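Student: Could we go through this one term by term? I would like to see how each label follows from its cut-off.

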Amino acid sequence: MTTIVDELRLAGCVFAEDEAALLVEAAADQAELRLLVAERVAGRPIEYVLGWAEFAGIRVHVTDGVFVPRLRTVLLLKTALETVASIAAPRILELCCGSAALATALERARPDAIVLASDLDPRAVECARLNLGDPGRAFVGDLYDAVPPEHAGRFDVIVANAPYVPTGEIAFMPQEARLHEAAIALDGGPDGTALQARVAEGASRRLAPGGTLVVETSVRQADATCALFERAGLVPRILRDESLDATAVAGVLV
Ligand SMILES: C[S@@+](CC[C@H](N)C(=O)[O-])C[C@H]1O[C@@H](n2cnc3c(N)ncnc32)[C@H](O)[C@@H]1O
């Protein structure tokens, strides 16, 4: 174990001890352990080496290229749960779901909810189908086009961590994201709001009256995200959680 910790530390892994313990737990035998350590030392993100990531206390399947859920997205989880707290059997949609970590956490917290998820990347939807309680609730396609039309106008909440990194800033992201996550999972267009604009624009036709759209954003982009919500007929407010270093905009359809 000490050797593995040293190897990981030398390779620059900040949480070498924790990662060594996880790799030992994951490997069936010594030969597999050597293979997993070698992959990690070569720079493959620990989540892809293990085949899972943790989100809100849940282990979700992730495979190569699929966005690794981030802690900050717990702000969307909390906001969505607060929003539907007094609604029986709420209908919830996660757009740009990636592994559907958020949708999975939502359906675990609210087993009475109908939770749907969609993503353009078939690899992401494969993961989503493994993670969600009902694999038939994950769909491949462009934003709302992927969602069966009978749900239009019936969602109490739509959540989206759509890509919001400005194209020109992807080159400055940490190597693990830049080299290992799919470009479509990161690229938010010239100013980072291209996908958010389309998510906001389509929300009024999919939300139930009084329904809420919640989108992750950055401090810098929050005002621009709000403006997109207003243009789409939603009444927005900016949410900020310092402990998660998270920013989101929630907008109500009035
Ligand atoms: C930042 S990742 C977020 C994934 C997931 N929501 C999470 O927080 O872990 C953005 C996701 O948007 C998806 N995506 C990008 N463009 C899309 C589009 N036009 N329609 C649907 N999904 C799209 C990507 O494939 C990627 O999985």
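Student: Which is the crossing of helix 5 and helix 6, right-handed or left-handed?

Tutor: The crossing of these two helices is right-handed. A crossing takes that name if the near helix is turned clockwise from the far one by less than a right angle, and left-handed if the turn is anticlockwise. Before we go on, note that this is a predicted model, where local features need pLDDT of at least 70 and side-chain atom pairs count only at pLDDT 80 or more, while totals for chains, interfaces and linings use all residues. Residues are numbered from 1 along each chain as its sequence is written, and side-chain values use heavy atoms, with hydrogens and water left out.

Student: At what angle do helix 5 and helix 6 pack, and how far apart are their axes?

Tutor: Helix 5 covers residues 74-83 and helix 6 covers residues 101-109; the angle is about 35 degrees and the axes are 10 Å apart. The axes are lines fitted to C-alpha atoms over the stretch in contact, with angles from 0 to 180 degrees between N-to-C directions. The helices themselves are DSSP runs of H or I with at least four residues, strands are E runs of at least two, and both are numbered from the N terminus. By that count the chain has 10 helices and nine strands.

Student: Which residues make the contact between helix 5 and helix 6?

Tutor: Helix 5 brings Leu76, Leu77, Ala80 and Leu81, and helix 6 brings Leu102, Ala105, Leu106 and Ala109. Contact here means heavy atoms within 4.5 Å.

Student: How many nonpolar, polar and charged residues does that contact of helix 5 with helix 6 have?

Tutor: There are eight nonpolar residues, no polar ones and no charged ones. The contact lists Leu and Ala, and both belong to the nonpolar class (Ala, Val, Leu, Ile, Met, Phe, Trp, Tyr, Cys and Pro), whereas Asp, Glu, Lys and Arg are charged and the others, Gly among them, are polar.

Student: Which residues of helix 5 are buried?

Tutor: Val74, Leu75, Leu76, Leu77, Thr79 and Ala80 are. Buried means under 20% relative accessible area, exposed means over 50%, and partly exposed lies in between (1.4 Å probe, protein chains only). Those buried residues pack against helix 6 and several strands, including strand 1 (52-55), strand 6 (155-160) and strand 7 (207-217).

Student: What makes Ala89 and Ala100 worth a look in terms of phi?

Tutor: Neither is a glycine, yet phi is positive at Ala89, about 45 degrees, and at Ala100, about 65 degrees. Ala89 sits in the loop between helix 5 and strand 3 (91-95), while Ala100 is in the loop between strand 3 and helix 6.

Student: Why is Ala89 called partly exposed?

Tutor: Its relative accessible area is 44%, so Ala89 falls between the two cut-offs. Ala100, at 0%, is under the lower one and therefore counts as buried.

Student: What makes Thr212 buried?

Tutor: The relative accessible area of Thr212 is 7%, so the residue meets the buried criterion. Thr212 belongs to strand 7. Among its contacts beyond four places in sequence are Thr83, Asp156, Ile158 and Val252.

Student: Is Asn161 buried or exposed, and what does it touch?

Tutor: At 15% relative accessible area, Asn161 is buried. Asn161 lies in the loop between strand 6 and helix 8 (175-180). Beyond four places in sequence, Asn161 touches Phe67, Thr73, Leu76, Leu95, Cys96 and Glu216.

Student: How do you know that Val219 is exposed?

Tutor: Val219 has 58% relative accessible area, so the residue passes the exposed cut-off. Val219 is in the loop between strand 7 and helix 10, and touches Arg240 and Thr247, leaving out residues up to four places away in sequence. Glu230, in helix 10 (residues 222-231), is likewise exposed, at 53%.

Student: Why does the radius of gyration of the chain agree with a compact globule?

Tutor: For 254 residues the rule expects a value near 18 Å and the chain has 19 Å, which agrees. The radius is taken over C-alpha atoms, and the rule is 2.2 Å times the number of residues to the power 0.38. Buried residues make up 54% of the chain.
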